Amino acid sequence: MLRKTQIILLVAWGISTFAQPKFTISGNVKDKKNGEDVIGSLITVNELNGVGTATNAYGFYSLTLPKGTYEIKITSLGYQSMTQKINLDSNIVLNIPLSEESKQLEEVVVNAERVDRNVRDAQMGVQQLDMKEINKIPVLMGERDVLKTMQLLPGIKSAGEGTSGFNVRGGGSDQNLILLDEAPVYNASHLFGFFSTFNSDAIKDAQVYKGVMPAQYGGRLSSVMDIKMKEGNNQKFGMNGGIGLIASRLTIECPIVKNKGSFLISGRRTYIDQFLKLSPEFKDNSLYFYDLNMKANYQINAKNKVFLSGYFGKDAIGLGSTFGIDWGNATATLRWNSNLSSKWFSNTSLIYSNFNYQIKIKSGKNDFKIVSKIQDLNFKQEFTHYLNPQNTLKFGVNIIHHTIVPGELSTSEGSGVKPFKIEDRYSLENAAFVSNEWKPTEKLSINYGLRLSAFLVMGSGNFATYDKDGDITSTKKYTSGQVVKNYFNPEPRLSANYMLSANKSVKASFGRSVQNLHVINNSGTDNPTDVWLASSNNIKPGIADQVAVGYFQNFKDNTYEFSVETYYKYMQNQLDYKNGTVVNGNENLEASLLSGVGRAYGIEFLMKKKTGRLTGWVGYTLSRSERKIDEINNGSWYAARQDRTHDISVVAMYELSKRWSISATWVYNTGNAVTFPSGKYRIDDKVQFYYTERNGYRMPSYHRLDLGATYTGKQHKRFQSSWTFSIYNAYARMNPYTINFREDPNDASKTQAVQTSLFGIVPAVTYNFKF
């Protein structure tokens, strides 16, 4: 009888709990000082252990709870935590303003409950970059650089000094999706990679996914770097900038209507070309870059907000009137955020992206110009449904129209060069996705989803088919809009996290990614003139399957973070080129391409100190990246160009006082795999080098120490300033940029290896100001 009574009471309690009315609290978390949405803030309930949510990429949150009185806590790194009592007897809209933390020199900064999402989130291989840290890290010429800072993290490697790309977990530099306010940026560098296109003064948030990416992202095999621009101060007018040795920058932000809308304009330009004019020998040469970021937003009503943002950047290098090259990006994003209800959030975006380069050459009567570009028109619709504290559902669609102009050579009248044009190529990249963030128990959380991608190769144009020797077997003409070939691929994504205790967890993930845009390069370095090709009737989409497991632990009240992740990635339809392939200006380039498989595997360690006078991290990666193509190295596995066995980064920042802070970074990595000659022979008394194994040699190891210091001036009510000093390559390591071979002029039986290095010690100073 007692047992029956207990069962009846238990069932009755369960029914009562299930039937208890539930209501939703929702709203936006904002920076109190400037009105910017705060991304990734945690909203937790003190009375309900393990129940909470986080603001999305637009600062919105939604949390459904049973009727009752609660104390909710809002925390976000860099802000003072906040608690608020609510009586939840109906749906509530609560917009929360957060104040920045005051600068402290004690070992523990005021913030009682720090963010520990690195341990609790199911997502693996994700890093959020702190813009305040980026401003302290020493870089070349003192220019703050989000891309260079990202390359100090384990698993993410610079493609080399003076190159524009980076490699993530053994993937090629073209396998990284870089988004600026949702718009793809195809070449994220200035001056051949010495600087990135991103002006840090205009950036609010930057996240990089180097593992299995969420289902809403696609189109690349290795990583996604999602960068959000600032929205502008909707409280008051502000201006800040900096004056450096080679570049200056200025940012202006102002309310359109206070608390409802604002705009931001941020520009940067180098003035190396102005110094060249002082020299009679170089006065007609040009060498500069500029970029311009603009963004405006307006709150239409309590539930609807629109944004318009754009980026425009250009590089120009010229030698008088004889040679000139310029390249640049342009992006535009029109976005509409709508809170459809307390549980539904919608984001609608129209996106434009363009990258192009132009080469001009004039030699005697020969006067010609070469142009190439890739242009996207993009529509994206995403919905988020906050079902309950245990489930958050996301789904949406993405449609991108690609136009690729591979190359066009035009000439002036009387030129001895014959004009030509490689046919433009068109394609339509479609995707639909659905994902769910599910927390079945207090200790277990799972993110699972599916992305369906459909790539359509479109006319108009002539499409050739090649045999294994690269000879054309047939050619077919297609009209505009006619489908030449289509590829359909499902991309499952799964990540899981199990909490071992309050401060440690284990994670596992699996995901498939598909890529339909490819870069072809045989120069050994990444350049803006690299050729983009889309999947076609001859080129299949690249496919990568990645599995990863990891252990995560925080120490001393989340002051320290430790993680170790190991991964294995298998890649299909990986492209390489035949020996002797000419890439640029080759209308039959597809005939010279080879396809095979690849694999990348490794283990990554990260130890990070987040708060206190001393902050920073130590990262180490042990990894391999290999390819296997039947026609190369007799079908044996060979090292990919980006294969590096060891990669170490040490980053330290120390607050000496309220005025002075110092910083240092040290990096080391194994040299890239490279193809060097194995012998030589003579034809018509000219030396010809003989090559055997692809990427069978190594560049020398790379290492470098950078130092920095920042002096913050006395803060006034309306003005503050600082000086930033940096030394790049402090111990003058002459790292190799290229190694070329030539016959010894004094002894024909010997061969000389000639190393070219770019930088010795490079000091820099920048004056920063803010009104």
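## Exercises on ring pairs and a small sheet

Phe719, Trp723, Tyr767, Phe769 and Phe771 are linked into a cluster by ring pairs. The model in which this cluster appears is a predicted one, and the exercises below start from its aromatic rings.

**Exercise 1.** Decide how the rings of tryptophan 660 and phenylalanine 725 are arranged, and state which strands the pair ties together.

*Solution.* We begin with the total, which comes to 22 aromatic pairs. In the pair of tryptophan 660 and phenylalanine 725, the ring centres are 6.4 Å apart and the planes stand at 20 degrees, so the pair is stacked. The step rests on a cut-off, since planes under 30 degrees apart count as stacked. Next we place the two residues: tryptophan 660 belongs to strand β42 (residues 660-669) and phenylalanine 725 to strand β48 (residues 720-728), so the pair ties together parts that are 65 residues apart in sequence. Finally we look at exposure, where tryptophan 660 is partly exposed with a relative accessible area of 35%, and phenylalanine 725 is also partly exposed, at 34%.

**Exercise 2.** Work out whether the rings of tryptophan 723 and tyrosine 767 are stacked or tilted, and locate both residues.

*Solution.* The ring centres of tryptophan 723 and tyrosine 767 lie 4.8 Å apart with their planes at 50 degrees, so this pair is tilted. Tryptophan 723 is part of strand β48, while tyrosine 767 is part of strand β51 (residues 762-770), so the pair ties together parts that are 44 residues apart in sequence. Both residues are named in the cluster from the opening. Tryptophan 723 is partly exposed, having a relative accessible area of 39%, and tyrosine 767 is partly exposed as well, with 22%.

**Exercise 3.** Find the ring over which the charged end of lysine 507 sits, and the ring over whose face arginine 694 lies.

*Solution.* For lysine 507, the ring beneath its charged end is that of phenylalanine 552, whose centre is 4.3 Å away. For arginine 694, the ring is that of tyrosine 577, with a distance of 4.8 Å to the ring centre.

**Exercise 4.** Describe the open sheet of 4 strands that contains β3, beginning with the strand order.

*Solution.* The order in this open sheet is β3-β2-β5-β6, and the pairing is antiparallel. The edge strands, each pairing on one side only, are β3 (52-54) and β6 (82-88). From one strand to the next, the twist averages 20 degrees. Turning to a single pairing, we see that strand β2 (residues 42-45) runs antiparallel to β3 and is joined to it by 3 bridges. As a last step we pick out one residue, isoleucine 43, whose bridge partner in β3 is threonine 53.

Note on methods
Residues are numbered from 1 along each chain as its sequence is written. This is a predicted model: local features need pLDDT of at least 70, side-chain atom pairs count only at pLDDT 80 or more; totals for chains, interfaces and linings use all residues. Side-chain values use heavy atoms; hydrogens and water are left out. Two strands pair if DSSP finds at least two bridges between them. Axes are lines fitted to C-alpha atoms, for helices over the stretch in contact, and angles run from 0 to 180 degrees between N-to-C directions. Rings of Phe, Tyr and Trp (its six-membered ring) pair if their centres lie within 6.5 Å; planes under 30 degrees apart count as stacked, over 60 as edge-to-face and the rest as tilted. Buried means under 20% relative accessible area, exposed over 50%, partly exposed in between (1.4 Å probe, protein chains only). A charge sits over a ring if NZ of Lys or CZ of Arg is within 6 Å of the ring centre and within 35 degrees of the ring normal.
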